[in-house]
Amino acid sequence: MLHRLARWFAIAIAVLLGVAALAVVVVYGISEAQLHKTYQIDVAPPAISSDAASIARGRHLVTAVSMCAANIDAPNLAGNLFLDIPPARLGAPNLTSGTGGIGGRYTAADWARTIRHGVRPDGTRLLFMPTANFYHLSDADLGAIIAYVKSMPPVDNQPPTSQVYPLGHALMVAGLLGLPAAEIDHAAPRIPAPTPGRAAEYGRYLTTISTCRDCHGANLSGGPIDEPGAPPAPNLTPAGALKGWSEADFINTIRTGVRRGGSQLRAPMPWQIAGQMTDDELGAIFRYLRHFKSALIKAGLPKTTRFHDLRHWCASLLIAYDVHPKAIQEILGHANITTTLNIYGHLLPKVLHSASECGSPSITRRASAF
Ligand code: HEC
């Protein structure tokens, strides 16, 4: 009897081990397929002029606004080991044209595809890159960034390559470790890049390309950060942490790392980097943080509304009111009608319902006012 029980026990263990081994093989296979999946992205490379003004603009964008160089702690852009944690090892590549660098072989289109879309020249997707923000870089700013990177002296350095560890493979299959390129709409219209100046509209562009939204949330209303021990990112909308702040309070806090009231900003708030933005840039960000929500309140729309929601409502309602797709394309600023139809065509059966819920075409007018 005992002998039989032991045999059944051994069989059960063997079956369990077999199932576990199979699960490992399946998880590994699925995540490897994701890592090696290739994307065909056609890009129109921006004009790159290597005059002193473009290079200076590029340096400012790289070091202060987009936070690229300082975030990877490699001001010479020669790469380093960015992060080595249980899910993955991330090596920031050497961007110069020295030995071990990619600078010598990247074409303008390769730079544009990598920075804006998170896709390498061979079509595979980058593991880590704030692509969703950089997608919105204007052609002029992207061109200036590339001009600056190309102007860097060659450095011979072979940083460690990125590698996904077993935990990372499991997280990827569970949908918890994303490849940024998979999460963005590669045909979406870009945020129009307004002329630089101390205005809310320019602040909107800056809060996007300077990665504030990665921590403070898509609509800047704050929340927990994905970093052990990190304080939550505060709500930057008028109802939140900046209530009662003046523009000077805001600029001073980002410059010095000391809040109005005297307390020190803790990591990972990158005030040392963001503090290198100009007064006009920080002023523009502050005006945007004030402007957008107050415009929502004035229009009688929910305070949680994101800018993207407004575009979406506007498009849905225009479809519901039988406006010709060509006109909708013009209003939304899409480069071609296929983009408009790809993004909004599927809404057709639903919009009549949501239009009747919203009750009045005046919401279209309010939404299109932004
Ligand atoms: C890497 C994540 C991260 C990024 C990127 C980031 N922040 Fe922060 N920010 C934080 C955290 C965390 C805090 C809270 C720090 C604390 O509690 O000491 C904070 C605090 C602040 C505060 C102080 C608010 C208060 O508590 O009184 C302001 C203002 C602010 N951030 C603005 C910005 C702006 C503007 C940007 C973009 C230029 C930005 N942050 C980018 C994480 C981030």
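Two residues are taken to be in contact if their C-beta atoms, placed from the backbone, lie within 7 Å. In this predicted model, L282 touches F250, I251, I254 and M277 on that basis, with residues up to four places away in sequence left out of the count.

Three of those partners, F250, I251 and I254, recur among the buried residues of helix α10 (residues 247-256), where T253 is buried as well. These buried residues cover an arc of only 160 degrees around the axis, which puts them on the same side of α10. The face turned away from that buried side carries the exposed residues A248 and T256, and just after the helix G257 takes a positive phi of about 80 degrees.

F250 and L282 also belong to the largest nonpolar core, which has 47 residues; together with I145, V149, L206, I285 and L289 they touch the most other members. Helix α6 (residues 139-151) gives the most to this core, with seven residues. Because domain 1 (52-183) and domain 2 (200-299) both give residues to the core, it lies between them. Apart from it lies another core, of 10 residues, including L310, W313, I319 and Y344.

The protein chain as a whole has 17 helices and three strands, and 32% of its 370 residues count as buried. Among its contacts with a separation of 6 or more, 66% are between residues 24 or more positions apart.

The ligand is surrounded by 22 residues, of which C212, C215, P231, R266 and M269 are the closest. Helix α9 (residues 212-216) gives the most to this shell, with four residues, and by class the shell has 15 nonpolar, four polar and three charged residues.

Most residues other than glycine have a negative phi, and most peptide bonds are trans. The loops on either side of α9, and the one that follows α10, hold the backbone features in the table.

| Site | Backbone feature | Place |
|---|---|---|
| T211 | phi near 65 degrees | loop between α8 (200-209) and α9 |
| L220 | phi of about 65 degrees | loop between α9 and α10 |
| A267 to P268 | cis, omega near 10 degrees | P268 in the loop between α10 and α11 (271-274) |

Neither T211 nor L220 is a glycine, although phi is positive in each. A residue counts as buried if 20 or more other C-beta atoms lie within 10 Å of its own, so T211 is buried, with 21 C-beta neighbours inside 10 Å, and L220 is buried with 22.

Note on methods
Residues are numbered from 1 along each chain as its sequence is written. This is a predicted model: local features need pLDDT of at least 70, side-chain atom pairs count only at pLDDT 80 or more; totals for chains, interfaces and linings use all residues. A residue is buried if 20 or more other C-beta atoms lie within 10 Å of its own, exposed if 12 or fewer, and partly exposed in between; C-beta atoms are placed from the backbone. Helices (H or I, at least four residues) and strands (E, at least two) are DSSP runs, numbered from the N terminus. The arc is that of the directions from the helix axis to the C-beta atoms. A residue is near a molecule or strand if its C-beta atom, placed from the backbone, lies within 6 Å of it. Ala, Val, Leu, Ile, Met, Phe, Trp, Tyr, Cys and Pro count as nonpolar, Asp, Glu, Lys and Arg as charged, and the others, Gly among them, as polar. A nonpolar core is a set of buried Ala, Val, Leu, Ile, Met, Phe, Trp, Tyr and Cys residues joined through C-beta atoms within 7 Å. Domain bounds come from an automatic or database domain assignment.
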